[in-house]
Amino acid sequence: MAHVIWITGLSAVGKTSTAETVVEQLRASGEVAVMLDGDAVRDIVRDASTGHDRDSRIANAYRICRLAQFMAKQDLIVVVATMSLFHEIHHWNRDNLPGYFEVLIEADLETLRARDFKGVYGGADGGEARNVVGVDLAVEFPEKPNLVLDNDRTTTDRRELAADLLRAFRAAAHVLPQRGSIGAEAGR
């Protein structure tokens, strides 16, 4: 049965590492799973007109939504790791993605700044980067995520986060709506 596990949160919160581990664990249990990472999609598409301002971020998020929908319609479990912190994206996903399971990973800003391996927060602090979500670009956290995980500095094992996520997902999987038509139009 098709499902989309949508993992969201701020930069450096652990979305990608958690998603990678979830996919590994799903595959180890014999399930067919694939991962979509927001940064990877942006890199693959290489659309020079898509920056990091709000409108560009939303356009990229809709690309990810449509890709997730396309893959899920092939009876895959699609694990998405992306910021996409906009209510319109979350609402579209709930209405159009089969078996949609929304996960918000949280950590305090001090922890995220300490983990800032991409230099996102440091660039914003130094005035070198603009449109940093959570710093100078407003955040729209999901209104009703299926699961909220805390990845503060006391949580260091991504396998623990992935196991918590999979327990909640499996408990909810049989009641998640199977919506979404492959022809449904996504956003812009």
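# Exercises on a predicted α/β chain

Buried residues, meaning those under 20% relative accessible area, with exposed over 50% and partly exposed in between (1.4 Å probe, protein chains only), make up 48% of the 188 residues in the chain. The model is a predicted one, in which local features need pLDDT of at least 70 and side-chain atom pairs count only at pLDDT 80 or more, while totals for chains, interfaces and linings use all residues. Residues are numbered from 1 along each chain as its sequence is written, and side-chain values use heavy atoms, with hydrogens and water left out.

## Exercise 1: the sheet

**Task.** Establish the order of the strands in the sheet and the sense of their pairing, and explain why β2 and β5 each have one side without a neighbour.

**Solution.** Begin with the elements, which are DSSP runs numbered from the N terminus (helices H or I, at least four residues; strands E, at least two). The chain holds 7 helices and 5 strands, and along the sequence these follow the pattern β-α-β-α-α-β-α-β-α-α-β-α.

Next, apply the pairing criterion, by which two strands pair if DSSP finds at least two bridges between them. β1 and β3 are joined in the parallel sense by 5 bridges, with tryptophan 6 standing opposite valine 80 in β3. β1 also runs parallel to β4, again over 5 bridges, and here valine 4 faces tyrosine 100 in β4. Between β4 (residues 100–106) and β5 there are 4 bridges, also parallel, and leucine 104 is set opposite valine 148 in β5.

Put together, the 5 strands form an open, parallel sheet in the order β2-β3-β1-β4-β5. Because β2 (33–37) and β5 (147–150) are at the edges and have a single partner strand each, one side of each lacks a neighbour in the sheet. On average, and with direction ignored, neighbouring strands are turned by 20 degrees against each other, where axes are lines fitted to C-alpha atoms (for helices over the stretch in contact) and angles run from 0 to 180 degrees between N-to-C directions.

## Exercise 2: the cover of β1

**Task.** Decide whether the residues on the two faces of β1 are buried or exposed.

**Solution.** Start from the general pattern: in a regular strand the side chains alternate between the two faces of the sheet. On one side of β1 are His3, Ile5 and Ile7, on the other Val4, Trp6 and Thr8, and all of these are buried. The count for the strand is accordingly 6 of 6 residues buried.

Then look for a covering helix. Helix α7 (residues 158–173) lies across β1 (3–8), β4 and β5, and runs at about 170 degrees to β5. Leucine 161, which belongs to helix α7, is buried at a relative accessible area of 4%; its C-alpha lies 9.2 Å from that of isoleucine 105, although the two are 56 residues apart in sequence.

## Exercise 3: the nonpolar cores

**Task.** Find which element gives the most to the largest nonpolar core.

**Solution.** A nonpolar core is a set of buried Ala, Val, Leu, Ile, Met, Phe, Trp, Tyr and Cys residues joined through side-chain atoms within 4.5 Å. The largest has 29 residues, of which Ile5, Ile7, Val22, Leu26, Val79, Val103 and Leu165 touch the most other members. At least two residues come from each of β1, α1 (15–28), β3, β4, β5 and α7, and α7 gives the most, with 7 residues. A second, separate core of 21 residues includes Val41, Ile64, Phe86 and Leu97.

## Exercise 4: two helix pairs

**Task.** Classify the crossing of α3 with α4 and that of α1 with α7.

**Solution.** Angles under 35 degrees count as roughly parallel, over 145 as roughly antiparallel, 65 to 115 as roughly perpendicular and the rest as oblique. The axes of α3 (residues 54–72) and α4 (residues 87–96) come within 10 Å and cross at roughly 15 degrees, which means that α3 is roughly parallel to α4. Contact, defined by heavy atoms within 4.5 Å, is made here by residues including Ile58 and Tyr62 of α3 and Ile89 and Trp92 of α4.

For α1 and α7, the axes come within 9 Å and cross at roughly 60 degrees, so α1 is oblique to α7. Among the residues that meet are Val22 and Leu26 in α1 and Leu165 and Leu166 in α7.
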